[in-house]
Amino acid sequence: MQLAKVLGTVVSTSKTPNLTGVKLLLVQFLDTKGQPLERYEVAGDVVGAGLNEWVLVARGSAARKERGNGDRPLDAMVVGIIDTVNVASGSLYNKRDDGR
Amino acid sequence: MQLAKVLGTVVSTSKTPNLTGVKLLLVQFLDTKGQPLERYEVAGDVVGAGLNEWVLVARGSAARKERGNGDRPLDAMVVGIIDTVNVASGSLYNKRDDGR
Amino acid sequence: MQLAKVLGTVVSTSKTPNLTGVKLLLVQFLDTKGQPLERYEVAGDVVGAGLNEWVLVARGSAARKERGNGDRPLDAMVVGIIDTVNVASGSLYNKRDDGR
Amino acid sequence: MQLAKVLGTVVSTSKTPNLTGVKLLLVQFLDTKGQPLERYEVAGDVVGAGLNEWVLVARGSAARKERGNGDRPLDAMVVGIIDTVNVASGSLYNKRDDGR
Amino acid sequence: MQLAKVLGTVVSTSKTPNLTGVKLLLVQFLDTKGQPLERYEVAGDVVGAGLNEWVLVARGSAARKERGNGDRPLDAMVVGIIDTVNVASGSLYNKRDDGR
């Protein structure tokens with residue numbers, strides 16, 4: 001999975017019926033220092049992530065593993081809201097300290 | 001999925017029979033500011049997208065989730081026409097304002 | 001799929017038996033202006049594409065959708081010979097005019 | 001698979017139930033000289049890898065091949081701890097010599 | 001598939017049991033001129049490729065198509081040893097001439 005930050009939302013009314021009821025988030029990928037990358041995904045959301053929260057994004061067929069999503073044309077999914085990222089030199093991210 | 005803009009159409013008559021009847025669009029990927037990227041796909045279309053419209057493109061096995069497409073050699077599909085993209089700082093895109 | 005041009009052929013005799021009888025083409029990817037990119041694939045061919053022809057290349061599990069290819073270790077396949085690519089500003093490519 | 005080094009750990013409590021009990025490692029990809037790349041994954045771990053160890057990371061549907069992981073939304077998995085990497089010019093890496 | 005050159009071998013004893021008995025090669029990808037790229041894979045080998053040989057590497061689910069590999073967490077596989085690569089301007093590679 002990739003570390004990402006919720007940047008916004010995407011709305012589409014003319015879409016394949018298989019996407020009905022899926023909330024779509026624009027998530028920007030982060031590097032291992034927490035800095036934003038160019039890469040992003042428009043991902044489905046099963047965890048209720050909010051704006052600016054750090055999340056885990058699964059891609060490919062992994063995005064359809066949630067019950068009921070097997071037939072949806074999803075290739076990216078927010079599967080978790082991140083609490084902490086810890087590296088050797090200390091804490092890279094802690095949701096409690098996050099005033100961003 | 002990726003944000004993309006419909007750039008044109010691709011026609012192929014000498015093709016695998018499994019692609020018969022699939023409309024193929026040339027879609028250019030956009031970044032999170034709405035600017036065109038180098039990357040693109042030739043994607044199938046199930047939503048009737050028109051030239052210059054902003055669309056959502058699913059890749060990989062997700063592209064074959066539409067009923068009847070399971071056996072087609074498709075790895076990219078336009079699955080929705082985008083109405084709005086909203087980010088923290090406001091509206092990135094609104095189809096109603098789109099005179100491009 | 002990606003736009004590509006047939007650059008040459010690849011021959012391998014010491015290979016997995018599952019690849020027996022598959023013609024392998026070296027195809028170079030093109031950008032949305034028709035210029036060659038660094039990226040390429042060695043792809044199977046089911047449409048009889050010739051040298052320098054513009055083709056459509058499907059990647060991933062899509063490459064094994066042709067009948068009889070389900071068990072082959074193919075991750076790229078030429079699935080169509082391109083006749084025309086049309087964009088807003090006119091014709092990007094037309095096979096009839098192609099003397100390249 | 002890719003060569004990678006364990007950089008840290010990621011904790012998520014608000015996540016899809018399918019990820020419950022999966023230990024998530026932040027692994028940074030290495031190049032063929034053993035130098036760190038920008039690319040990384042947040043990967044599941046089935047081998048008990050420790051901080052700074054060199055590991056093998058499988059991506060895509062391969063990440064769900066371990067028994068019990070078939071329904072988890074995993075797209076990256078640590079599948080082995082590396083003992084040695086040997087190239088023509090000698091040893092690129094040997095776990096015994098690794099004081100890093 | 002990608003053109004690649006066998007650079008070395010990777011040994012891992014602490015690994016998922018599903019990888020037992022799989023020989024792992026470090027293979028460096030080549031461009032369409034035969035020059036080495038930064039990209040590589042640690043790939044399984046079913047054809048007995050030797051050091052410095054040019055090989056074909058399949059990625060993704062294609063890597064598990066060989067009988068007995070369906071449940072292994074493999075995302076890259078050496079599926080053929082290359083004899084020749086021929087392009088419009090002549091021979092790019094011929095194993096017989098290869099003293100490299």
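Colleague: What relates chain E to chain C?

Modeller: In this predicted model, chain E is superposed on chain C by a rotation of 72 degrees, with 0.0 Å of shift along the axis and an RMSD of 0.0 Å. The two copies are thus related as by a five-fold rotation axis.

Colleague: How do you know that the copies use different surfaces?

Modeller: Of the contact residues of chain E, 4% recur in chain C.

Colleague: What turn lays chain A on chain D, and why are these copies said to meet through different surfaces?

Modeller: A turn of 72 degrees, with a shift of 0.0 Å along the axis, lays chain A on chain D at an RMSD of 0.0 Å. Only 4% of the interface residues of chain A are interface residues in chain D as well, so these copies meet through different surfaces.

Colleague: How do you know that chain A and chain C do not touch?

Modeller: Contact requires heavy atoms within 4.5 Å, and no such contact joins chain A to chain C. Their nearest C-alpha atoms are 11 Å apart. Chain C and chain D are likewise without contact, and their closest C-alpha atoms lie 11 Å apart.

Colleague: How many residues of chain E and chain C take part in the contact, and what area is buried?

Modeller: Chain E contributes 27 residues and chain C contributes 30 residues. About 2300 Å² is buried between chain E and chain C, and carbon and sulfur atoms give 52% of that area. On the side of chain E, the most area is lost to chain C by E:Met1, E:Thr32 and E:Lys65, which together account for 30% of what that side buries.

Colleague: Why is the pair E:Arg59 and C:Glu41 called a salt bridge?

Modeller: The cut-off between a side-chain nitrogen of Lys or Arg and a carboxyl oxygen of Asp or Glu is 4 Å. The closest N and O atoms of E:Arg59 and C:Glu41 are 3.7 Å apart, so the pair satisfies the rule. Side chains of opposite charge can pair when their charged atoms come close. The rule finds 1 salt bridge across the interface of chain E and chain C.

Colleague: Which strands of chain E each supply at least two residues of the side that touches chain C?

Modeller: They are strand E1 (2-11), strand E5 (54-59), strand E6 (76-81) and strand E7 (84-87) of chain E. The residues of this side divide into 16 nonpolar, 6 polar and 5 charged. Across the interface of chain E and chain C, 18 residue pairs are in polar contact, both residues being at pLDDT 80 or more.

Colleague: What makes strand E2 of chain C and E6(E) a pair?

Modeller: At least two bridges are needed for two strands to pair, and 2 bridges join strand E2 (residues 14-15) of chain C to E6(E), so the requirement is met. The two strands run antiparallel. Within this arrangement, C:Ser14 stands opposite E:Ile81 in E6(E).

Colleague: Which strand of chain D do 2 bridges join to E6(A)?

Modeller: The partner of E6(A) is strand E2 (residues 14-15) of chain D, and the two run antiparallel. A:Gly80 stands opposite D:Lys15 in E2(D).

Colleague: How many residues of chain A and chain D are in contact?

Modeller: The contact is between 27 residues of chain A and 30 residues of chain D. The two chains bury about 2300 Å² between them, with 52% of it on carbon and sulfur atoms. A:Met1, A:Thr32 and A:Lys65 lose the most area to chain D, together 30% of what the side of chain A buries.

Colleague: How many salt bridges does the structure hold over all chains, and why is the pair D:Glu41 and A:Arg59 said to join two chains?

Modeller: Over all chains the structure holds 10 salt bridges. D:Glu41 lies in strand E4 (residues 36-45) of chain D, and A:Arg59 lies in strand E5 of chain A, so the pair joins two chains. The closest N and O atoms of D:Glu41 and A:Arg59 are 3.7 Å apart; since the cut-off is 4 Å, the pair counts as a salt bridge. Across the interface of chain A and chain D the rule finds 1 salt bridge, along with 18 residue pairs in polar contact, both residues at pLDDT 80 or more.

Colleague: Where is E:Thr20 placed in chain E, and which residues does it contact beyond its neighbours within four places in sequence?

Modeller: E:Thr20 is in the loop between strand E2 (14-15) and strand E3 (24-30) of chain E. Beyond its neighbours within four places in sequence, E:Thr20 is in contact with E:Lys15 and E:Arg72. E:Thr20 and E:Asn94 are 74 residues apart in sequence, and their C-alpha atoms are 34 Å apart in space.

Key:
Residues numbered from 1 in each chain as written. Chains lettered and ligands numbered in written order. Predicted model: local features only at pLDDT ≥ 70, side-chain atom pairs only at ≥ 80, totals over all residues. Heavy atoms only, no water. Least-squares fit on C-alpha atoms with pLDDT ≥ 70 in both. Buried area = accessible area lost by both parts, 1.4 Å probe. Polar contact = N/O pair within 3.5 Å; in protein donor to acceptor, adjacent residues only side chain to side chain. Nonpolar A, V, L, I, M, F, W, Y, C, P; charged D, E, K, R; others polar.
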